[in-house]
Amino acid sequence: MNVLKSTTALCCAAGLLLTALLTACGGGDQGRDPILGVPAATVASVAVTPATASVVIGASQQFNATATYSDGSTQVVTTASAWTSATPATASVVAATGLATGVAAGSVQISAAFGGKSGSANLSVTVPVTLSSIAVTPAAPAILVAGSQQFVATGTYSDGTVAVIAAPTWSSGTPAVASISASGMATGMLVGTSFITATNAGKTGNALLTVAAVLPLPPPVVLPPLVNTINLGGAASFAVLAGTSITNNSGGLTLVTGDVGSPSQTVDPVQTAGWANYKSGAILALALADLQVAITDANGRACTVSSAAGIDLGGKILPPGVYCYAGAITMTGTFIMDGPGLYIFRTASTLNTSANAIVAVANGASASEVFWIPTGPTTLGANGAFLGAILGQSAAITVGDNTTLLKGRVLTAAAVTLKNNVIVK
């Protein structure tokens, strides 16, 4: 028993001594470290990230708060902060988490308070851009049974912009008359008519396709009086012309409607009846000479648009004009030329299209008035549909596997490579 009392007394004495020691060192004061006795770190500032953000009405943005202390240390205090919105009618914020939601168009400050300090960020709330309508072109084409027609869906949006819709859902009102592929290529099945419909984001657009046994003669297209086309001279009858060589794949089929000319040909392209293949002689020499004259003429035309950069024409709709680019002309997707007139596309670099790229004309534009003048090589991707005459001064032209040029030409002083193509001049 005496031992237990002695032990208890000893512990009490040690406790009193420790208390006195801590008090002497400052451990009994608030705001001081209880062990070291130095002032405890305090919150120096609060930062909110991201500093600026943007959401559409109805969408949310998570903000985070980070506290910086007087000793230089930092700590994420998002869920320990009190969050407020300067204008709740523009954007609300969850007070305990910092999750802000757009309510109405405008700009608002989102703030976080912690440890007597606060920080804020700017949130812009915008109206979402929606699809207003869809137009399908051509609007009323006619094809033969087993013939095909490429359709293009163009969207008009709530902000006034117009662009080609990349992947609408296509359907045929009368599949027995005309089928339609996922890419918008219709095929005539039986004589009759069918509405071709494109659907996207709850909107639809239609075109009426006529499938006939015999097509009526189209009305003549009257070009504006100021159009001064590029004269191809002796090269006008050629669909394929190469100053050095034509490489055509063996075992496949390339079908050309128009004259073919080159001094060296690995496999002669198959031609429709009535056209010739020139491998030497005065007609070939004249065609190559007149090609250079035509290129000089095209390069001398005043530019409607002039850019020190290149351009991707995919998704664009352009009116007639002379378009000049120092960089490469590329194409991903669908490009539409809209309205009658002369179209010249010049580049000091290369001309390239991606696989499945489509060049189309609308509202009276004619492929016979479209000229591509690249300084560098031309490469057309596989399974595409191209329009217009490619005039190469001294660079090669490569046409991708299964790509068609219906109303188009490939003419160059250099080499041409073909593979399973259909080319109609």
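Is Cys324 buried or exposed, and at what relative accessibility? Cys324 counts as buried, because its relative accessibility is 8%. The close-ups below come from a predicted model.

**View 1. A disulfide joins Cys303 and Cys324.**
The two sulfur atoms lie 2.1 Å apart. A search of the whole structure finds one disulfide. The pair links distant parts of the chain, 21 residues apart. Cys303 sits in the loop between α2 (282-299) and β27 (305-307). Cys324 belongs to strand β30, residues 321-325. The link is left-handed, with -100° about the S-S bond. The two ends can also be described by their accessibility. Cys303 has 35% relative accessibility, so this cysteine counts as partly exposed. Cys324 is buried, since 8% falls under the 20% limit for that class.

**View 2. Strands β11, β14 and β15 build an open sheet.**
The three strands follow the order β11-β14-β15. Their pairing is antiparallel. β11 (131-137) and β15 (162-164) stand at the edges. Each of these two has a single partner strand, so one side of each is left without a neighbour in the sheet. From one strand to the next, the twist averages 25°. Six bridges connect β11 with β14, residues 152-157, in the antiparallel sense. One contact to look for starts at Ser133, whose bridge partner in β14 is Thr156.

**View 3. A cis peptide bond joins Thr137 and Pro138.**
Omega is about -5° at this bond. Pro138 lies in the loop between β11 and β12 (142-144). Strand β11 covers residues 131-137 and is an edge strand of the sheet in View 2.

**View 4. Strands β2, β10, β9 and β6 form a second open sheet to inspect.**
The four strands run in the order β2-β10-β9-β6. Here the pairing is mixed. β2 and β6 (82-85) are the edge strands, and each pairs on one side only. Neighbouring strands are turned by 25° against each other on average, direction ignored. β2 and β10, residues 117-126, run parallel and are joined by five bridges. Within this pairing, Thr52 stands opposite Asn122 in β10.

**View 5. The peptide bond from Thr49 to Pro50 is cis.**
Its omega is near -10°. Pro50 is in the loop between β1 (43-49) and β2 (52-56). Strand β2 is also an edge strand of the sheet in View 4.

**View 6. Asn356 and Asn363 have positive phi values.**
Phi of Asn356 is near 70°, in a residue other than glycine. Asn356 occupies the loop between β34 (351-353) and β35 (358-362). Phi of Asn363 is near 55°, again in a residue other than glycine. Asn363 is placed in the loop between β35 and β36 (370-374). Strand β35 therefore borders both loops. Is Asn363 buried or exposed? Asn363 is exposed, because its relative accessible area of 58% is over the 50% limit for that class.

Note on methods
Residues numbered from 1 in each chain as written. Predicted model: local features only at pLDDT ≥ 70, side-chain atom pairs only at ≥ 80, totals over all residues. Heavy atoms only, no water. Disulfide = S-S within 2.5 Å. Buried < 20%, exposed > 50% of the residue type's maximum accessible area, 1.4 Å probe, protein only. Pairing = 2+ DSSP bridges. Axes fitted to C-alpha atoms, helices over the stretch in contact; angles between N-to-C directions.
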